[in-house]
Every structure is written in structure tokens, then in C-alpha cells.
Amino acid sequence: MNFQIPVSGQIYWIGENDRRKRLFENIWPLPQGVAYNAYLINDEKTALIDTIDVSVADDFLDRLAYQLQNKSLDYLIINHAEPDHAGMIGLILKQYPNLRIVGNKKTFKILEAYFGLGESLIEVKDGDVLELGRHRLQFYMTPWVHWPETMMTYDTTDQVLFSGDAFGAFGAFEGGIFDDEMLVDRYEDEARRYFSNIVGQYSNMVQKALAKLQSLPLRTICPTHGPVWREAPAKVVGWYDRWSRYEGLPGVVVAFASMYGSAEKMADYIARKIAEQGVREIRVLDVSKTHLSFLLSEIWKYQGVVLGSCTYNNELHPMMETLCNKLLHIHPGNKIAGVFGTYSWNGGAIKHLQQTMEALNWPLASEAVEIQGNPDSEKIHSCDNLASAMASAIKK
Ligand code: FEO
């Protein structure tokens with residue numbers, strides 16, 4: 001399908017939707033698909049900025065040739081060497097053998113490892129400039145947003161930032177590609193899920209990148225996934241800034257693991273008591289039914305986290321253990337925490353939850369609560385303090 005989708009000046013969007021892939025990185029669910037964005041600048045010199053995932057690239061070369069209008073491709077700029085963006089390098093090089101690949105020192109190490117590339121390279125450093133004719137590109141090294149080689153390309157002529165994974169979102173396009181063509185707030189949840197799953201663990205590096213870009217006028221932001229921002233680029237910058245500063249909203253996630261319903265009863269009771277005390281945003285999530293991807297995103301969103309688990313062979317329920325391990329790995333900022341557990345003959349879950357909170361440095365709003373067997377109408381009141389302390393802390 002050949003048609004042009006101009007971004008600005010001689011810049012064109014040349015991406016693709018992917019609604020077939022079930023799991024991004026073979027981990028993260030894609031209920032609404034994902035889009036891969038690449039961009040062509042058709043100036044006196046021509047430059048393609050990133051490529052797309054090869055699994056949806058059946059007509060990409062045709063579309064690229066159509067956009068080039070009989071010109072050759074001079075440069076391929078690799079802002080990010082992960083295969084969902086760099087996977088087409090081999091095919092593109094076959095089509096355009098005189099192409100020069102633009103990246104930084106770390107990019108080339110990765111490209112060498114993946115594609116055996118050692119020639120046709122132009123190495124750029126922070127602040128280097130590439131003149132295409134009317135468009136003048138400047139490079140900004142922004143390591144670890146998301147891999148160590150990640151960099152951004154800024155078109156100083158039209159003030160367009162090609163940001164790589166930064167400012168990206170899950171979700172395939174439904175007609176609109178630009179933020180002014182859609183109800184962009186509908187992307188916020190998928191953008192936060194993308195952020196928390198993919199780049200959130202490098203939040204300090206996101207903050208460094210934002211500081212580096214602070215003085216640049218940003219008329220348009222072109223990420224590699226999700227909407228192109230030309231009406232309200234400040235909105236997505238604000239989202240990423242808030243999330244990477246770990247600024248949670250006043251609400252609580254109550255996540256539980258339950259075999260026969262006791263821990264679930266405690267979760268429901270605690271959530272109810274928190275609601276009675278005026279906290280409106282509460283999510284009660286069963287870790288056995290809610291994919292880790294969504295658990296992380298919701299935990300990232302709110303200030304409070306209450307984790308509860310039944311004891312399973314003296315340990316945590318395996319699904320809760322997975323969540324705890326991932327939280328320890330990505331460390332989503334500072335939270336107000338609570339823990340509860342159940343057991344049948346001896347405990348174990350509570351100890352592990354407390355250790356997790358300690359390692360995360362998340363202070364407990366109140367003492368851990370543990371119930372043996374069924375949390376009947378008498379025993380359940382042992383949860384009251386936890387709920388009250390959490391509600392008070394959130395409302396502060
Ligand atoms: Fe979209 Fe880090 O790749």
C-alpha cells in the first residue's frame with residue numbers, strides 16, 4: 001500500500017501495525033497490538049531513521065522505495081539497535097549497498113554481534129551534526145533508554161525529535177497516527193504499561209535524558225512505538241517525567257495470591273476499609289489472573305501497595321514470588337506498603353513479603369497481618385489497622 005504520511009517538511013512516517021504478536025519481547029501481552037515507527041527524510045540526502053520489526057515488514061522495502069521516489073537511500077540512522085527497530089538492516093543493505101549506517105560506538109558493537117556489520121559505518125558522538133540539505137540532524141546520546149547504545153536524533157530545522165523507545169506506547173494505531181488525530185488520553189495506560197515494563201527500571205537514565213533535552217524546542221516527537229506527538233508533545237514528556245520521578249497518584253493496589261480464597265477475602269476486606277476511609281482509587285488484583293505486565297503498570301501508577309499471599313510450601317505463592325522478584329529487579333520508586341498473609345499449619349509467606357518490602361525500602365504503614373485458616377468475621381478485624389494506616393497515609 002503506497003501513500004505518503006508527512007510528519008513535517010520532508011519527513012515521512014513509514015511504520016507498521018502489529019496485531020498478530022501476542023507477547024512483546026515474548027513476555028509482555030499486546031491485547032491492543034503495537035506499532036513500529038520508522039521515519040524517512042527525503043532531502044538532498046536521504047535518511048531512514050530506524051527500521052521496523054521484520055515480522056510485519058513484508059512490503060516495507062516497497063513502501064520505502066515509493067517514498068524515495070527513485071532516489072537512493074544515503075543514511076540509515078540507528079537510534080536503537082534492538083531487533084524490533086534494527087532487524088531490517090540486512091535487507092535494507094542488500095537493496096541499498098552504498099548506504100552508510102549512522103550510530104554510536106556502542107551501537108556498532110551490538111550491530112556487529114547481531115548482523116556482523118563492520119563497514120559502511122559513520123560513528124557519531126554527543127552533539128555531532130549530519131547535514132542532509134534543508135534538514136540538519138543533531139545527535140544526543142541517551143544511554144539506557146532502553147539499551148546502553150540508545151541515542152536520539154534531533155532535526156534542528158523543523159524541531160523534530162526522533163526519540164527511539166522514549167515516549168513510546170503499546171497499542172496499534174486505529175486510523176490516527178498523530179496525537180491530533182486521536183483521543184490521545186486513551187493511550188496513557190498503554191504508554192505507562194510500556195514505560196513500566198520496558199524502560200522504567202532505568203528511570204534515573206530517563207531523567208538524565210530529559211535534563212539533556214530540556215533546552216530543545218520540541219515541535220514534534222517521533223518515538224519508535226505509539227503516537228507521533230505534534231499537537232501536545234509536552235503531554236507525553238510530562239507523563240515520562242512523572243513516571244520516571246516515581247510520582248504515584250493517591251491510590252492503592254491491593255495485589256493478592258490465594259489458593260482457596262482466604263487471602264482474597266482479606267484483600268477485599270482491606271480494600272473495602274480503605275475505600276470507607278475516602279480513598280477512591282483502589283485496584284484489587286489477583287496475581288494468578290493478572291499478567292505481571294499489568295501488575296507492574298498499576299503499581300507504578302499509585303502511591304500505595306498492599307501485597308498479600310497464602311503460604312505455599314512454607315514460601316510465597318509462586319505467582320506472588322514472581323511479582324516480588326520483578327519488583328526487586330525494577331524497583332518502582334518509593335511506595336507506602338502493607339503486607340498480609342494466610343497459612344494452614346505454619347506460616348512463611350509473611351516473612352518473605354516483609355523481606356521484599358525491606359529490600360525495596362518501602363516502609364510498612366502498619367504491622368503485617370497474618371491469619372490462620374479462614375478469615376472469619378472475628379479474625380478479619382486484624383486487618384483494620386492496616387487499612388486505616390494505609391488510607392491515612394494516602395490521604396496525607
Ligand atoms: Fe522498541 Fe527497546 O525496542
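Which residue forms a salt bridge with Glu247, and how far apart are the closest N and O atoms? In this predicted model, the partner of Glu247 is Arg245, and the closest N and O atoms of the pair are 2.5 Å apart.

**View 1. The salt bridge of Glu247 and Arg245.**
The close-up is centred on the side chains of Glu247 and Arg245, which form a salt bridge with 2.5 Å between the closest N and O atoms. Glu247 counts as partly exposed because its relative accessibility is 38%, and Arg245, at 39% relative accessibility, likewise counts as partly exposed. Elsewhere, salt bridges that share partners join Asp189, Arg192, Arg283 and Glu298 into one network, and two of these residues, Arg192 and Glu298, return in the third view as a pair whose side chains meet in a salt bridge.

**View 2. The two domains and the contact between them.**
The protein chain is divided into domain 1, residues 6-244, and domain 2, residues 249-395, and the C-alpha centres of these two domains lie 38 Å apart. To the contact, domain 1 gives 15 residues and domain 2 gives 13 residues. Between them the domains bury about 1200 Å², of which 60% is on carbon and sulfur atoms. Of the area that domain 1 buries against domain 2, Arg192, Ser196 and Gln201 supply 43%, which is more than any other three residues.

**View 3. Polar and charged pairs across the domain interface.**
Across the interface of domain 1 and domain 2 there is 1 salt bridge, while the count of residue pairs in polar contact between the two domains is 7. The elements that give two or more residues to the side of domain 1 touching domain 2 are β5 (28-29), α5 (188-199) and α7 (233-244). The largest share of that side, 6 residues, comes from α5. By residue class, the side of domain 1 that touches domain 2 divides into 6 nonpolar, 5 polar and 4 charged residues. The side chains of Arg192 and Glu298 meet in a salt bridge, with an N to O distance of 3.4 Å.

**View 4. Asn42 in strand β7.**
Asn42 has its place in strand β7, which covers residues 39-42, and this residue counts as buried because its relative accessibility is 9%. The side chain of Asn42 reaches the backbone oxygen of Gln67 at 2.9 Å. When residues up to four places away in sequence are not counted, Asn42 touches Gln10, Tyr12, Gln67, Leu68, Gln69 and Lys71.

**View 5. Trp144 and Phe167, two loop residues with positive phi.**
Trp144 is found in the loop between β13 (136-141) and β14 (151-155), and its phi is near 70°, a positive value in a residue other than glycine. Phe167 lies in the loop between β15 (160-164) and α5, and the phi of Phe167 is also positive, near 70°. As for accessibility, Trp144 is partly exposed, with a relative accessible area of 33%, whereas Phe167 counts as buried at 3% relative accessibility.

**View 6. Salt bridges of the loop between β15 and α5.**
The structure holds 20 salt bridges, and two of them are taken up in this view, beginning with Glu174 and Arg186, whose side chains meet at 3.6 Å, N to O. Glu174 and Arg186 both lie in the loop between β15 and α5, so the pair ties together parts that are 12 residues apart in sequence. Both Glu174 and Arg186 are exposed. The second pair is Arg230 with Asp180, a salt bridge in which the closest N and O atoms are 2.7 Å apart. This pair links distant parts of the chain, with Arg230 in the loop between β16 (220-223) and α7, Asp180 in the loop between β15 and α5, and the two positions 50 residues apart in sequence. Arg230 counts as partly exposed at 30% relative accessibility, and Asp180 is partly exposed too, with a relative accessible area of 33%.

**View 7. Asn314 and the residues around it.**
The place of Asn314 is in the loop between β19 (302-312) and β20 (315-316), and at 39% relative accessibility Asn314 counts as partly exposed. Asn314 and Gly348 are 34 residues apart in sequence, yet their C-alpha atoms are 4.7 Å apart in space. With neighbours within four places in sequence left aside, Asn314 is in contact with Trp345, Asn346, Gly347, Gly348 and His352.

Technical notes
Residues are numbered from 1 along each chain as its sequence is written. This is a predicted model: local features need pLDDT of at least 70, side-chain atom pairs count only at pLDDT 80 or more; totals for chains, interfaces and linings use all residues. Side-chain values use heavy atoms; hydrogens and water are left out. Domain bounds come from an automatic or database domain assignment. Contact means heavy atoms within 4.5 Å. Buried area is the accessible area (1.4 Å probe) that two parts lose on being put together, summed over both. A salt bridge is a side-chain nitrogen of Lys or Arg within 4 Å of a carboxyl oxygen of Asp or Glu. A polar contact is a pair of N or O atoms within 3.5 Å; within protein, one must be able to donate a hydrogen and the other to accept it, and residues adjacent in sequence count only if both atoms are side-chain atoms. Helices (H or I, at least four residues) and strands (E, at least two) are DSSP runs, numbered from the N terminus. Ala, Val, Leu, Ile, Met, Phe, Trp, Tyr, Cys and Pro count as nonpolar, Asp, Glu, Lys and Arg as charged, and the others, Gly among them, as polar. Buried means under 20% relative accessible area, exposed over 50%, partly exposed in between (1.4 Å probe, protein chains only).
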